[in-house]
Structures are given as structure tokens and as C-alpha cells.
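Here are some notes on helix packing and internal cavities, set out as numbered points for a colleague who has the model open.

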Amino acid sequence: MTAVPAPGRLAAVLTSLIFLCLPAFASNQTALVQLVEYVGADYINAVEGGVIVSPEEYAEMEEFTSLLAEGVAQLPDAEGKQGLQDQAEALQQAVTDKAGEPRIKTLAQSIRATLVTVYGIPVSPKVVPDLERAAELYQNQCAACHGAEGRGDGPAGAAMEPAPTDFTEVARYNGRSLLGLHTTITQGVDGTGMAAYGDTLRDEDRWALAFYVGAKAVSDEMAETGKAAFNTIPGMKTSLTLDTLVAQAPEDVLKEQGEQAYAALGYLRREPSALFNENRFIALSDVRLKEAGLAYRNGDRQAARSAALSAYLDGFEMIEQQLAAVDGDLMRRAEADFMAVREAIDRGHEADIVSERVATARASLAEATDALSGDGLSPAATFSASFFILFREGLEALLVVAALLTFTRKANAISATRHIHLGWIAALVAGGLTWYAASSLITFSGASREMTEGVAGVVAALILFYVGFWMHSNSNSQKWLGYIRNKVDDALGSGTVWVLTFVAFISVYREIFETILFYQALWSQVTLATQAFLFYGIAAAVASLAVVCVLFFRVGMRLPLSLFFRVTSLVLLVLSVVLLGRGIAALQEAGVLSAYYLGVPTIEWLGFFPTVQGVAAQVLAVLLGVVLWLRGNHRQEGR
């Protein structure tokens, strides 16, 4: 057998490549949001009328604006970073000049908005904040300093300098975003009595507390007005997305969207379940589509392309399975509409054509909203979506691992079998860590998700292609079959065994990565009454995959070794073409590869996505496969 060149090194390099595509932590951005909000809210306690009224507070303002400027300078390069640096320096100079509070608040508001625009929303709650639990936590953890009603008059806070925050103060409420409050609760504030709760409270509890204290200044009248505005004013539900609710301070919303949206924001802080019950992925997708159309009309083609990709990846793709369970035709039509928008932008069509396609895609989203409206998905739709998410994602990984295990068991290769088990078990562990990160630490953007899936898909395709032809080339080799029958572990060699381990790992992890994120999206659409059906769907998918696995093993173990090699090699080669198509499509959706769209349907289970680049790669792989297959047959016939 031909030795595999440096397989251990190859696996290590490829694994590193994949995990380098995962997004980094966003603590820098959140800390800067906290700093700028603190300056905007507390400056009035340091300076009044150009006169320092508290040297301690003023020193803190100087320190925080200096840290803010340094932090902005250390952020990754991005379009708009220079403007952000200019704003941070202007705020620092304004504090030095003892400028009036309106100037400070204006600069702070501008910096916060620019941070969100340039670097995105780093974190958001994954589940509906539990305000009842937040009320209990507040009384146990916060009331001693901030007071039972949140007025900053708790007995333990009487001697604190600076004094604890009065959450009922409207001016302070106007300048604080929920993201800033969550960051403060998580990290605390150095030099004050505000402790950090990042290690003692779960993330969902910290978000619940942020919503709870962030709504203390919302009056009953404002909440009622906001409820009516949110439910009756056209476009309000799509303009007040979860990102807006979390990242923007009320004064930002008042300035950008007016008094009705300002009131609606207050209502959503009090009743976040109202937003979570709406389909926030559809709302996000609609906003991004509008941004794409506007950016393209303004001549910013790159921004339009990014917004169009985000509209699909961060929004619509996350509810495709739910929508398919309710109306499959609508799902496929809407997917085609999104593709048409990206195609028009990529090909540089007239702005009117792009606007027309954006309008069509938004109309499909409106239909999707109606289809998914009501109190979450029905039991049948929940079961169907849950089943097909796991069954579809798991089938490819199962076929790869089952083929490898059948081969090693048939040959009684104990060491190789153990290594393959090591590969898929490690993938399950990595998947668990990914779930934890996606739930608590990291927000995976659509682009980073597709980048990870794309790299993993292409790498898996290349390795499967190699393993498939290795099996085919040895399917009639009497010398090799003799090795298999006698001592397969020695015949394989340690290098090839680790390649098989890596194939098992990457095949399983790639599917787990996507499955986790799809289930998180599905979870937001189910109600308490239909939650059980989500788990029924998972159980049914697991049972179905188990049946496929057993059948594969039984058929494989009964086949003669030579025939088994040929059949298994064919299965792996077909899967390599499927994974290649899906990997290229993911890289195109991440914006890494360009895409020239064809007017033919998508066949996802074959990995066939209608782009020139993807189809060309698959056709090339098939042609290469046929040539190598025929050459292998010719060589074996000549032996």
C-alpha cells in the first residue's frame, strides 16, 4: 500500500484551519459600550456649567475617556474605525474642556451607535428573559445597594462613592442600552461598589437582570402606548429587532425612529416575550434587505453585498426548516428570491432592478411571517422540522463513519476501529463545546458559520475523495486483500489510521456545528405546549439514523471483501462530490468566493447549488473520478 504523506501533520494543519474560522470573543466591544455609556450617564455628577463639582468623578471621567480612546485604537481594522477613533478623541477632549452635558451625551450617543454599526452586536439573549426570576435575583443581590424599587437608596449604598445607580431616573434610562447594562452586570465597574457577576450568575440570569433594571423607568402609560404602537403601526416590528432592543439606548431610538418607537422600546423592555414570540429572524432579514437596497442605490456595492448575505444567513436560513415544515413551496420560492437579490448585486445590475428584487424578497418574507404566525409552530410542524434537521445533517456523517467502521470491523482491525471511534466521539465533545459557546459566550454570525462549514466541507470532500480511490485501487489487489485478512492494523500504518480518525471527526463535527445553530433557531419558535414534539422529532431522527446504520453494517458485513471495497469507495466518492458542492456554496454565502447564479433548481441533498463555480467544481470532480476509476480498473485488469 502507498503510504499517506505526513497524515498526522495534514490533520493537524486542517483542524487548525477550521477552528481559526470560528469567531473570536467580543469582550472588547462590549467593554467599550459600557465605558461610553458610563461617561454619558455620570458626567453630570462631575461637571456642571463648566465647573468641576466632584474631583473624584471628574478624574474617573478622564480615566474612562482615555481608556475608551485606547480601546478603540486596539480594535480590529474595519471600515469606519477611523471615524470612531475621531469620535473617541473628541469625547476625551470635551471632558478635558469641561464641556456641557449635552455635548458629552451627544458624543457618547454617537460613539455607541458607531460601535454597533461598525463592529456589530457582539451578544444578545438566547432565550426569553425570565423577569420573575430577575425580580428575585434583584432583591437578593442588588436591593441592598440600589434599593427595593431601584432608586439607588439601599442601606448598603448610603456611604458609597459614587452612589449606586437610580434605575428609575428617566435621563439615565435614556442613555443606557441593555447591552451596556448586561456588560456592567457581567464585568462590574472598577473603582466603584459595582461587583462583577460574570462568574456567579448564568448568562440568561444576567440578561434577565439587565431587562429588569432597564425597565424600571418605564411608566405604565409608556408601556401601554408602546404596546399599541408595536402591534399596530406598520413596519414597527421589523424596525425594532432584537439587535435594536439590545444595542440601542432609548435616546438613540427616539432620535432615529420617533416617539412611537421610543415607547415601543420601553414596552419591549418590560415585555421581552412580545419580541421573542415574533420571528426575529424574519425581522432581521427584512432589515438587512432594506439596507442592501439602500446601500446599492447609494453606490456602495460591497455594503449591499454584505447586507444581502446577512439577510439570508443571519435571518432567513435560520427558519428555513420551520418554514419548510409549514409551506415547502414558499420556502423554496423565498430562497430563490434571496438568491436573485445577491445575483443582481454581484452582476452589477441597475439599481431599479436590485430594488425590484429586494421588494420581491421582502414580499416573500411577509408571506413567511403569515405562515409562521400564531403562537409558535404547530405540533406537526415542530416535529417535522426537528426530525429533518437532525436526519438530514446526520445522514452524511453517519454514512462516512459507518463505511469506515464496516471496513475496519470486516477486517478485524481493532486499533483502526478505536481510532475511528475516537474521531467521532471527539466531534461530539467539540459539538458540546460549540453549543456552550453559542449559548453563552459567542454570537456566531452567519458568515463565520458558513466559513466554518465551507472549509470543513471542502477539506472533508478532498480527504473522502482520496480515501475512496485508495479503497478502489486496492479492491482487487490480492496482496492487499491478504494483508486485510491477516494483519490489517500493520498494513494500514499509524499515518493512515490518523487520517481515518480525522475523516470521522471532521465529517461529524461539520454536521453538528450546523445542527446546533438550527436547533437554537427552532427553539425560539416552539411554545411550552409544543416543546415535547421537538424532542419527539429528535428521537425519531435518532431512531431512523440507527436503522440506516444497522442496515449499512449488515449489508456491508455480508459482501465479499473485494465487492465491499468497490461499493464503499463509490459511496465515499459520491459523498465527496456532495460535500464539495455544499462546501463551495457555504464559502460563497460567506462571501469568500464569488457566485454566478444559474437559473436551475437547487438539489440540496446532492449538494447541487446553481452557481457556475459550484457546478464546475463538482463536474470537474466527477470527471476526475471517472478517469481515475477507469485507470484503476485498467491497472487491475493488467495484473
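1. At what angle do the axes of helix 10 and helix 14 cross, and within what distance do they come? In this predicted model, the axes of helix 10 (residues 220-232) and helix 14 cross at roughly 105° and come within 7 Å. Since angles of 65 to 115 degrees count as roughly perpendicular, helix 10 is therefore roughly perpendicular to helix 14.

2. The residues that make this contact are, on the side of helix 10, Asp220, Met222, Ala223, Thr225, Gly226, Lys227, Ala229, Phe230 and Asn231, and, on the side of helix 14, Gln260, Tyr262, Ala263, Ala264, Gly266, Tyr267, Leu268 and Arg270. Sorted by class, the contact of helix 10 with helix 14 comprises 9 nonpolar, 5 polar and 3 charged residues.

3. Helix 14 (residues 259-270) also packs with helix 13 (residues 250-257), at an angle of about 150° and with the two axes 7 Å apart, and helix 13 passes helix 14 in a right-handed crossing. Helix 13 contributes Pro250, Val253, Leu254 and Gln257 to the contact, while helix 14 contributes Glu259, Ala261, Tyr262, Leu265 and Arg269; by class, these divide into 6 nonpolar, 1 polar and 2 charged residues. Tyr262 of helix 14 is thus listed both in the contact with helix 13 and in the contact with helix 10.

4. A further helix pair is formed by helix 17 (residues 301-315) and helix 19 (residues 328-346), which pack at an angle of about 165° with their axes 10 Å apart. Because angles over 145 degrees count as roughly antiparallel, helix 17 and helix 19 are described as roughly antiparallel to each other. Helix 17 passes helix 19 in a left-handed crossing.

5. In that pair, Arg301, Ala304, Arg305, Ala308, Leu309, Ala311 and Tyr312 of helix 17 meet Glu335, Phe338, Val341, Arg342, Ile345 and Asp346 of helix 19. The class count for the contact of helix 17 with helix 19 is 8 nonpolar, no polar and 5 charged residues.

6. Turning to internal space, the structure holds 6 cavities of 30 Å³ or more, and the second largest cavity has a volume of about 80 Å³. Its lining consists of Thr165, Asp166, Phe167, Arg172, Tyr173, Arg176, Leu181, Val213, Gly214 and Arg269, which divide into 4 nonpolar, 2 polar and 4 charged residues.

7. Helix 7 (170-175) and helix 9 (203-214) each supply at least two residues of the lining of the second largest cavity. Arg269, one of the lining residues, also belongs to the contact of helix 14 with helix 13.

Technical notes:
Residues are numbered from 1 along each chain as its sequence is written. This is a predicted model: local features need pLDDT of at least 70, side-chain atom pairs count only at pLDDT 80 or more; totals for chains, interfaces and linings use all residues. Side-chain values use heavy atoms; hydrogens and water are left out. On a 1 Å grid over the protein atoms alone, a cavity is a set of points where a 1.4 Å probe fits but cannot get out, and a pocket is an open set with protein on both sides within 12 Å along at least five of seven lines; lining residues have an atom within 4 Å of a point. Grid points are joined across faces, edges and corners, and a volume is the space filled by probe spheres set on the points. Helices (H or I, at least four residues) and strands (E, at least two) are DSSP runs, numbered from the N terminus. Ala, Val, Leu, Ile, Met, Phe, Trp, Tyr, Cys and Pro count as nonpolar, Asp, Glu, Lys and Arg as charged, and the others, Gly among them, as polar. Axes are lines fitted to C-alpha atoms, for helices over the stretch in contact, and angles run from 0 to 180 degrees between N-to-C directions. Angles under 35 degrees count as roughly parallel, over 145 as roughly antiparallel, 65 to 115 as roughly perpendicular and the rest as oblique. A crossing is left-handed if the near helix is turned anticlockwise from the far one by less than a right angle, and right-handed if clockwise. Contact means heavy atoms within 4.5 Å.
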